[in-house]
Amino acid sequence: MSATVSPLAADLSATVLASEVPTLPTADVPTVVPPAFAILAVAVVAPFLSRRLGHALGVIATGGVAVWSLLVPAGVYLQTTFLGFDAVLINVDAFSRLMGVIFGLIGAAAVLYSYSSEAENRQTAFALGYVGTSVGAVFAGDWLTMVFFWELMAVTSTLLVWDYGGAAVRAGFRYAVYHGLGGSLLMAAVIWHYTNVGSFLFSASDGITAGIPAVLAAIGIGVNVGFVGLHTWLPDTYPRPHVAASVFLSVYTTKTGVYGLARAFPDGNLAIAYMGAAMALVGVVYALLQNDMRRLLSYHIQSQVGYMVAGVGVGTALATAGAFAHVFNHILYKALLFMTAGVVIARTDEQSLKYLGGLGRALPVTAIAFTAAALSISGFPGFNGFVSKGMITAAAHKEHLDGIFYILLLAGVGTFMSFIKFGYYAFLKEHSGTWNVRRSVTGQRIAMLGVAALCVVLGLYPDALFALLPGSTADAHPFTLSHLGEGFLLAFLGVVGFAVLKKPLSKIGSGIDVDAVIEPATFYGMRGLVRGVTDLFATVDRAVVSTANAALDAASDPYGAIRGPATAVVGREGSSLKEGSLRASIATSVLLVVVVLAATLVGLL
């Protein structure tokens, strides 16, 4: 096993689509243990430590990965063999560096939030296992290692959901089934790819092999990112567990999926681009219909990930940079939104917006943090979402993909409407009573305000993020008059749209998603299949038993076996023979034999 910077690093970084991040001076780097292993080690020991020490080690491990990712020279790799194949456990390029920085950074904030939200060590240990396996997946330099951590990520996230018990158990089973199927399809694609290429290394080919492997990979990864029709696990699962667990869940699975798409389709794919646009619009429409806070936020994960998928699908340098800028920004504001929702739920014991109101005075810090996150996700000028969304829409417009461009703009209006709705019903609307709630604790405030500050800083000074991005930001001009005007226009349309639709939306339910068709079809289809197979087996079993019994009867009583059918024939023909009588005298038998022999002789002559 070796760790160094060598000419091979150029091959291992071949998936950088246009330009690499500024390369730090190359030198031998004592990278012996993959960064994921540090987090996983803490996950293993955390349940046996005190809450304070276990969570403190979690903050140190995840924060350390963020710092390591930021400082490690580009091109560092760790090559070894895994299951007898060449493997690269660490591959530092623009993609993995950015993912490592944001995964570690938000992991540290989420662990601090978990400690302040009274999460038990076991839950946080599962969460750290989830973080560690996600980090392992994005730093992998080959498909085999990536799929290995990908499957472990599904296991650890399922355990995180199950840990809460109750309704989370059923949701966790569904979550596990979806991700088991998705992971199996991705694994099949990778194996097929290996048979064509002869290597699992990313450097062996430019993305996944075209044809059936690419289709399998797209569908398998599509489960993780929430392709339309494969997304229902997301709003079903994320509202169920502990509020602190939802913060972790909102970050890692879908964004690791976006990373996987970029590895599989480094040159883009138009069908994936249009799927991303559809995700953005479908997610925002369903989000508008929700009253459950975390369910609304979950649908918005699908919607916002749609922007990233569209960027990956467009595939130009600007689109790729915008997609990963949006990965970074979305992780910040989405985690922050789940943190603020978690504080509201914990303090009021209420998840539905219908029964809230007036919390702006009762929870002022939470309201401020929510406002920053809401303006960020909506793409309001001065906040980070404005920058990354603009890069993706500009890339689509530049490539004359007007359908994608206008769908994303329409989704942007819907996003403004959704978070005006959330903010109005939770923090602004008058409440019938007076909330007597305990305010957020210090750790929660530090986590929320720290992340909110980053949303503002990266919105006002995007060059700090541009330095980390894959692709190219040469054509990224977030503060042009046309882009600023676009941002303010979307906000205005969002305000008008909510004012017009506020009353109708309050009378509409949460909507019928595709699971209303998929679940019954799956249930009755599987039941019909099981019953059909069972009935077929029973029919075959009866036929085999009947044949076996007849064979045994014939072997034990040949004369009786012949007599039975003959008797039935004779009886049908109305013969006067006594039933069951086929007996003959010796003379008759001799005569029959002579007749048969004579007929045979005539035939031979």
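Let me start with a term: a residue is buried when its relative accessible area is under 20%, exposed when over 50%, and partly exposed in between, using a 1.4 Å probe and protein chains only. What you see above is a predicted model, in which local features need pLDDT of at least 70 and side-chain atom pairs count only at pLDDT 80 or more, while totals for chains, interfaces and linings use all residues. Residues are numbered from 1 along each chain as its sequence is written, and side-chain values use heavy atoms, with hydrogens and water left out.

Let's begin with the aromatic rings. A pair of rings is described by how far apart the centres are and by the angle of the planes. Here, rings of Phe, Tyr and Trp (its six-membered ring) pair if their centres lie within 6.5 Å; planes under 30 degrees apart are called stacked, over 60 edge-to-face, and the rest tilted. By that rule the structure holds 23 aromatic pairs. One of them joins F148 and F149, edge-to-face, with 5.5 Å centre to centre and 75° between the planes. Which of the labels, buried or exposed or partly exposed, fits F148? With 38% relative accessibility, F148 is partly exposed. F149 is buried, at 5%. If you want to find them on screen, look for a cluster in which ring pairs link F37, F82, F148 and F149.

Another pair to look at is F380 with F488. This one is edge-to-face as well, at 5.5 Å centre to centre and 85° between the planes. Before I place the two rings, a word on the element names: helices (H or I, at least four residues) and strands (E, at least two) are DSSP runs, numbered from the N terminus. F380 sits in the loop between α16 (364-378) and α17 (384-398), and F488 in helix α21 (residues 481-507), so this pair ties together parts that are 108 residues apart in sequence. F380 is partly exposed, with a relative accessible area of 23%, and F488 is partly exposed too, at 44%.

Let's stay with α21 for a moment. V500 is in that helix and counts as exposed, at 57% relative accessibility. V500 also belongs to a nonpolar surface patch of about 530 Å², made together with L489, F492, L493, V496 and L501. A patch takes residues with over 30% relative accessible area and no salt bridge; like charges are joined within 9 Å, and nonpolar side chains (Val, Leu, Ile, Met, Phe, Trp, Tyr) within 5 Å. The areas come from the Shrake-Rupley method with a 1.4 Å probe, and for residues only the protein chains shown count as cover.

Now for the holes inside. A cavity is a set of points, on a 1 Å grid over the protein atoms alone, where a 1.4 Å probe fits but cannot get out; lining residues have an atom within 4 Å of a point. Grid points are joined across faces, edges and corners, and a volume is the space filled by probe spheres set on the points. There are three cavities of 30 Å³ or more, and the largest has a volume of about 130 Å³. Its lining has 16 residues, of which G379, K389, G390, E486 and L490 lie nearest the centre. The elements that give two or more residues to this lining are α17, α18 (402-428) and α21. Which element gives the most to the lining of the largest cavity? That is α17, with five residues.

On to charges. A salt bridge here is a side-chain nitrogen of Lys or Arg within 4 Å of a carboxyl oxygen of Asp or Glu, and the structure holds seven of them. In one, D93 meets R263, with the closest N and O atoms 2.9 Å apart. This bridge links distant parts of the chain: D93 is in the loop between β3 (85-91) and α4 (94-116), and R263 in helix α11 (residues 252-264), 170 residues apart. Both D93 and R263 are buried.

Another bridge joins R240 and D236, the closest N and O atoms being 3.3 Å apart. R240 is partly exposed at 31%, whereas D236 is buried at 6%. Both belong to a network of salt bridges that links R170, R174, D236 and R240.

One last contact to find: V225 in helix α8 (residues 212-225) is buried, at 0% relative accessibility. V225 and V305 are 80 residues apart in sequence, yet 6.8 Å apart in space, C-alpha to C-alpha. Thanks, everyone!

Methods:
On a 1 Å grid over the protein atoms alone, a cavity is a set of points where a 1.4 Å probe fits but cannot get out, and a pocket is an open set with protein on both sides within 12 Å along at least five of seven lines; lining residues have an atom within 4 Å of a point.
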